Amino acid sequence: RFLFAMIGLLIILSTLIALSYLQGPRVRHTVLADDPNTGYQTLQLEFNQPVKPIEPHAIQITPQADFTATTNTATVTIQFRHRLLSNTQYRLAIAQIASASTQQTTAASHHFDTPPAQLYYLKHRDLTETKTEFYATQATDAIVQMNLATKHEKTLYQAAQIVEYAVVGSRIVVHTMNDAKISELHQVDTKNGTVSPLPLPGKGTVSRLRAMDDGTVGYLFAKAESKEKTTNLIVHDIAAQRHHTILGLNAQPLPVYDWRPVSRGAAVVVRTRGDDVLLVDPTGKHAMQPLGQAAALGDVSYNGKNIIMMKTGEGYFALNLENSKKSPITHQQGNDVISLAASLHTHSGYAMEVTSVNQQHILQRQTILTYPAKRVIHQTPPPAYTTNITVSPNDQYTAIEQKSTADSSTKTHIIDNKTGHIVHTLDGKAVVWL
């Protein structure tokens with residue numbers, strides 16, 4: 001009886017599978033994941049049977065998103081060309097899906113949810129809050145991870161004096177200063193919390209610590225015994241546990257005053273003597289390329305193709321690293337002056353900090369977005385002033401870092417770019433979007 005029952009069950013199951021197959025292609029499973037090569041997302045649709053190639057024009061996604069689509073037997077992979085909105089439900093519709101083996105065609109609809117925005121920031125302990133020398137010595141800084149939807153925070157690392165940090169894949173490289181005012185670097189594994197030191201080229205001072213790719217950081221380094229305090233750019237391969245100094249044309253360490261990684265670490269833009277700006281291959285295999293002059297280097301677009309610079313007398317401009325085309329960043333209104341600028345990432349445009357004096361001779365500071373039309377998303381009342389602006393990779397939020405002249409405290413406002421509302425205010429600075 002048991003054998004007959006099993007045979008009957010198998011027949012029923014086979015019949016259902018056959019009927020399902022004949023009814024045409026259906027979505028059986030979906031996976032939304034980050035593409036480590038581009039930093040964007042991919043959506044994989046697995047069908048119950050092989051399908052004929054689906055062209056991108058047959059796929060409709062709401063909210064609107066740019067993408068490409070490839071078909072491989074029963075799997076359709078949608079590769080998005082920019083970061084999707086966080087904490088958002090997307091709807092996908094395919095008008096016609098044809099089976100690769102039968103004449104059946106069907107339509108499909110599917111929805112998927114993107115995860116909430118996540119960010120890191122540096123929280124400085126306010127020593128003015130400590131009442132005794134004992135508690136002052138116990139005060140620590142912290143690197144904190146926050147879920148922007150739930151506002152839940154998790155402390156990843158604490159130290160007495162954290163200067164800066166860089167996010168390198170699942171690790172954080174932290175720059176701290178010891179009691180002797182000598183820099184130290186540590187790497188923190190965010191998965192298991194283990195901390196290990198990163199050796200420096202010697203005793204000295206680190207500055208401009210930045211991530212280059214998922215395994216490399218760069219930083220400026222000045223040796224403690226150097227009278228000139230010349231800073232050189234050090235590239236540190238964490239996995240290989242080795243570092244090297246960027247050299248100039250004379251095979252001597254190149255003096256570097258500021259730098260930015262571009263193209264996911266494949267190149268670096270450096271500002272050296274005389275405000276000269278160079279595009280440098282960190283491996284040294286390709287010759288340096290002059291990019292002109294700038295008094296300051298700014299934000300790099302998420303795709304690594306454009307960098308913002310500032311030149312005395314010219315103001316801010318964006319330089320396309322592929323064709324060397326300069327695009328002035330302007331805000332022509334009265335006596336307004338652009339004091340900071342950051343790139344938007346999914347559209348052509350900028351977030352700008354604009355300073356002006358109104359008719360009552362009162363200083364005004366405003367943060368302006370230029371896309372889709374110029375609009376004010378935040379006004380900064382005195383005595384605060386903006387020290388940094390960073391836009392999330394999907395252009396959904398802007399982090400406005402502000403310092404108060406009254407008590408030297410630093411806070412960061414997270415602004416919803418669509419509504420202009422403050423989503424949250426962080427008691428810290430140095431936001432890094434994940």
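This report describes a predicted model of one protein chain, from its overall build to selected residues.

**Overall build**

The protein chain contains 2 helices and 35 strands. Its C-alpha atoms fill a box of roughly 90 × 55 × 55 Å, taken along the principal axes. The chain has 434 residues, of which 44% count as buried. Among the contacts with a separation of 6 or more, 40% are made by residues 24 or more positions apart.

**Aromatic rings**

A pair of aromatic rings is described by the distance of the centres and the angle of the planes. In this model the count comes to 5 aromatic pairs. One of them is formed by F67 and F80, whose ring centres are 6.4 Å apart and whose planes stand at 70 degrees. This arrangement is edge-to-face, because an angle over 60 degrees is counted in that way. F67 belongs to strand 4 (residues 67-72), while F80 belongs to strand 5 (residues 75-80); the two residues are 13 residues apart. Both F67 and F80 are buried.

Another pair, Y397 and W433, is stacked, with 6.0 Å from centre to centre and 10 degrees between the planes. Y397 lies in strand 32 (residues 397-404) and W433 in strand 35 (residues 429-433), so this pair ties together parts that are 36 residues apart in sequence. Both Y397 and W433 are buried.

F67 and F80 also take part in one aromatic cluster, together with Y90 and F112. A charged group meets a ring elsewhere in the chain: the charged end of K326 sits over the ring of F317, at 4.5 Å from the centre of that ring.

**Surroundings of the stacked pair**

S392 lies in the loop between strand 31 and strand 32. Leaving aside neighbours within four places in sequence, S392 is in contact with H345, Y397 and W433. The contacts of S392 thus include the two members of the stacked pair, Y397 and W433. Is S392 buried or exposed? With a relative accessibility of 2%, S392 counts as buried, because the limit for this class is under 20%. The side chain of S392 also makes a polar contact of 2.8 Å with the side chain of N394.

**An enclosed space**

How many cavities of 30 Å³ or more does a search of the whole structure find? The search finds 1 such cavity. About 40 Å³ of space lies in the largest cavity. The residues lining the largest cavity are N388, I389, T390, A399, E401, T412, A430 and V431. Strand 31 (384-391), strand 32 and strand 35 are the elements that give two or more residues to this lining. The largest share, 3 residues, comes from strand 31.

**Three further residues**

The table below sets out the location and accessibility of three residues in other parts of the chain.

| Residue | Location | Relative accessibility | Class |
|---|---|---|---|
| H110 | strand 7 (residues 105-113) | 19% | buried |
| L185 | strand 13 | 2% | buried |
| T194 | loop between strand 13 (183-189) and strand 14 (195-198) | 45% | partly exposed |

The value for H110 is 19%, so H110 counts as buried under the limit of 20%. Apart from neighbours within four places in sequence, H110 is in contact with T30, L45, Y90, R91 and L92. One of these residues, Y90, is a member of the aromatic cluster. A polar contact of 3.3 Å joins the side chains of H110 and T30.

L185 touches V173, V174, H175, P197, L198, L200, V206, L209 and Y219, not counting residues up to four places away in sequence. The C-alpha atoms of L185 and Y165 are separated by 9.1 Å, and these two residues are 20 residues apart along the chain.

T194 follows strand 13 in the loop that leads to strand 14. Which residues does T194 touch, not counting residues up to four places away in sequence? They are Q187, V188 and D189. In addition, the side chain of T194 makes a polar contact with the side chain of N192, at 2.8 Å. T194 and G315, by contrast, are 44 Å apart in space, C-alpha to C-alpha, and 121 residues apart in sequence.

Note on methods
Residues numbered from 1 in each chain as written. Predicted model: local features only at pLDDT ≥ 70, side-chain atom pairs only at ≥ 80, totals over all residues. Heavy atoms only, no water. Phe/Tyr/Trp six-rings, centres within 6.5 Å; stacked < 30°, edge-to-face > 60°. Helix = DSSP H or I, 4+ residues; strand = E, 2+ residues; numbered from the N terminus. Buried < 20%, exposed > 50% of the residue type's maximum accessible area, 1.4 Å probe, protein only. Lys NZ or Arg CZ within 6 Å of the ring centre and 35° of its normal. Contact = heavy atoms within 4.5 Å. Polar contact = N/O pair within 3.5 Å; in protein donor to acceptor, adjacent residues only side chain to side chain. 1 Å grid on protein atoms, 1.4 Å probe; cavity = no way out; pocket = protein on both sides within 12 Å on 5 of 7 lines; lining within 4 Å. Points joined across faces, edges and corners; volume = space filled by probe spheres on them.
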